[in-house]
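Dear colleague,

Please find below the structure I was asked to pass on to you. My notes on it follow directly after.

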Amino acid sequence: MKQQPTVTVRLPEELLRQVLYLCEAERRTPNNQILLLLRNSVAYFERSKGKMDRKKLLSYDLSPYLEDREESVNG
């Protein structure tokens, strides 16, 4: 399976506790809960402002989000 990019997010403790509460209530892992929230945010954006430009999306450089993983695998 292809490795996915990694993003670190800093959260205030109270918000983290709230996310963990949601996870427990909805029986999701923190990763899956956050992915759901992000997907919902993207869907809302596209409903209200239109679809994102695929060409522009593909132009973003993801290498900064892949380097740490490759260093830990190769290092």
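I begin with the pairing of two helices in this predicted model. Helix α1, residues 13–26, and helix α2, residues 30–49, have axes that come within 9 Å of each other and cross at roughly 100 degrees. An angle of 65 to 115 degrees counts as roughly perpendicular, and α1 is therefore described as roughly perpendicular to α2.

The residues that make this contact can be listed for each side. Helix α1 contributes Val-19, Leu-20, Leu-22, Cys-23 and Glu-26, while α2 contributes Pro-30, Gln-33, Ile-34 and Leu-36. Sorted by class, the contact consists of seven nonpolar residues, one polar residue and one charged residue.

Helix α1 also permits a simple check of its length. Its 14 residues, at 1.5 Å a residue, should span 20 Å, and the C-alpha atoms at its ends are 20 Å apart, so the two values agree. Just after α1, Arg-27 adopts a positive phi of about 55 degrees.

Turning to the protein chain as a whole, the model contains four helices and zero strands. Read from the N terminus, the order of elements is α-α-α-α. The chain has 75 residues, of which 4% count as buried. Its exposed surface amounts to about 7,400 Å², with carbon and sulfur atoms supplying 54% of that area.

Two pairs of residues bring together positions that are far apart in sequence number, and I set them out separately.

The first pair involves Leu-62, which is located in the loop between α3 (54–59) and α4 (67–74). Leu-62 and Pro-5 are separated by 57 residues in sequence, yet their C-alpha atoms are 7.4 Å apart in space. Is Leu-62 buried, exposed or partly exposed? Its relative accessible area is 45%, and values between 20% and 50% are classed as partly exposed; Leu-62 is therefore partly exposed.

The second pair involves Val-7, which lies in the segment before α1. Val-7 and Tyr-65 are 58 residues apart along the chain, and the separation of their C-alpha atoms is 6.3 Å. Val-7 has a relative accessibility of 57%. Because the cut-off for exposed is over 50%, Val-7 counts as exposed.

I would be grateful if you would read these notes alongside the structure shown above.

With kind regards

Notes. Residues are numbered from 1 along each chain as its sequence is written. This is a predicted model: local features need pLDDT of at least 70, side-chain atom pairs count only at pLDDT 80 or more; totals for chains, interfaces and linings use all residues. Side-chain values use heavy atoms; hydrogens and water are left out. Helices (H or I, at least four residues) and strands (E, at least two) are DSSP runs, numbered from the N terminus. Buried means under 20% relative accessible area, exposed over 50%, partly exposed in between (1.4 Å probe, protein chains only). Accessible areas come from the Shrake-Rupley method with a 1.4 Å probe; for residues, only the protein chains shown count as cover. Axes are lines fitted to C-alpha atoms, for helices over the stretch in contact, and angles run from 0 to 180 degrees between N-to-C directions. Angles under 35 degrees count as roughly parallel, over 145 as roughly antiparallel, 65 to 115 as roughly perpendicular and the rest as oblique. Contact means heavy atoms within 4.5 Å. Ala, Val, Leu, Ile, Met, Phe, Trp, Tyr, Cys and Pro count as nonpolar, Asp, Glu, Lys and Arg as charged, and the others, Gly among them, as polar. The expected span of a helix is 1.5 Å times one less than its number of residues.
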